[in-house]
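Me: I would like to go through this structure slowly and ask for the reasoning behind each term. Could we take it one step at a time?

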Amino acid sequence: QLQLVESGGGVVQAGGSLRLSCAASGPDFGHYVMGWFRQAPGKTREFVAAITWNSEDLYYGDSVRGRFTISRDNAKNTVYLQMNSLKPNDTAVYYCGADFGPSLEFYPDYVYDYWGQGTQVTVST
């Protein structure tokens, strides 16, 4: 099994950028699909992005496509989320998840086997 720890959250003005990291501890990190989700107060957990084990396929939610970029470094057991052109409605707790699969697609949160504790992102005007 994996243990996941997110970092890099903080407060940023609208139009700014942040880079989130998710560090994994445990075996076989390179075999997992990794995803990012977010949850704002009063809302359900929303799909943000996902990346396959070899970085061949990348997936993005409609609200972040063109602004966010997901990447991974299997040698460092780490997945990243580069967030640009941030908007106030990007404010949320951001979580990373790991899916050992097999899964047909990666939008539902229930396909993921492990989760981190989350990191807060606040975008101000």
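Reply: Let us begin with two residues of this predicted model: aspartate 90 and arginine 67 are both buried.

Me: Why is aspartate 90 called buried?

Reply: A residue counts as buried when its relative accessible area is under 20%, and aspartate 90 has a value of 0%, so the word applies to aspartate 90.

Me: What makes the pair of aspartate 90 and arginine 67 a salt bridge?

Reply: The rule asks for a side-chain nitrogen of Lys or Arg within 4 Å of a carboxyl oxygen of Asp or Glu. In this pair the closest N and O atoms are 2.8 Å apart, and therefore aspartate 90 and arginine 67 form a salt bridge. The pair links distant parts of the chain, with aspartate 90 in the loop between strand 8 and strand 9 and arginine 67, 23 residues apart from it, in the loop between strand 6 (58-60) and strand 7 (68-73).

Me: Which residues are joined into one network by salt bridges that share partners?

Reply: The network consists of Arg38, Glu46, Arg67 and Asp90. Within it, arginine 38 meets aspartate 90 at 2.8 Å, N to O. Arginine 38 lies in strand 4 (residues 33-39) and aspartate 90 in the loop between strand 8 (78-83) and strand 9 (92-99), so this pair ties together parts that are 52 residues apart in sequence. Arginine 38 also forms a salt bridge with glutamate 46, where the closest N and O atoms are 2.9 Å apart. By the rule used here, the count of salt bridges comes to 4.

Me: How do you know whether arginine 38 is buried or exposed, and what is glutamate 46 called?

Reply: The relative accessible area of arginine 38 is 5%, which is under 20%, so arginine 38 is buried. Glutamate 46 has a value of 32%, which falls between the limit of 20% for buried and that of 50% for exposed, and therefore glutamate 46 is called partly exposed.

Me: Where is cysteine 96, and which residues does it touch?

Reply: Cysteine 96 has its place in strand 9, and with a relative accessible area of 0% it is under the 20% limit, so cysteine 96 is buried. Leaving aside residues up to four places away in sequence, cysteine 96 touches several residues, among them Cys22, Trp36 and Trp115. Between cysteine 96 and valine 48, which are 48 residues apart in sequence, the C-alpha to C-alpha distance is 9.7 Å.

Me: How many helices and strands does the chain have, and what makes the chain as compact as a globular protein of its length?

Reply: The chain has 0 helices and 11 strands. Its radius of gyration is 13 Å, close to the 14 Å that the globule rule gives for 125 residues, so the chain is as compact as a globular protein of that length. Along its principal axes, the C-alpha trace spans about 40 × 25 × 25 Å.

Me: What share of the residues counts as buried, and how much of the contact total comes from residues 24 or more positions apart?

Reply: Of the 125 residues of the chain, 44% count as buried. Among contacts with a separation of 6 or more, residues 24 or more positions apart account for 59%.

Terms used:
Residues are numbered from 1 along each chain as its sequence is written. This is a predicted model: local features need pLDDT of at least 70, side-chain atom pairs count only at pLDDT 80 or more; totals for chains, interfaces and linings use all residues. Side-chain values use heavy atoms; hydrogens and water are left out. Helices (H or I, at least four residues) and strands (E, at least two) are DSSP runs, numbered from the N terminus. The radius of gyration is taken over C-alpha atoms; the globule rule is 2.2 Å times the number of residues to the power 0.38. Buried means under 20% relative accessible area, exposed over 50%, partly exposed in between (1.4 Å probe, protein chains only). Contact means heavy atoms within 4.5 Å.
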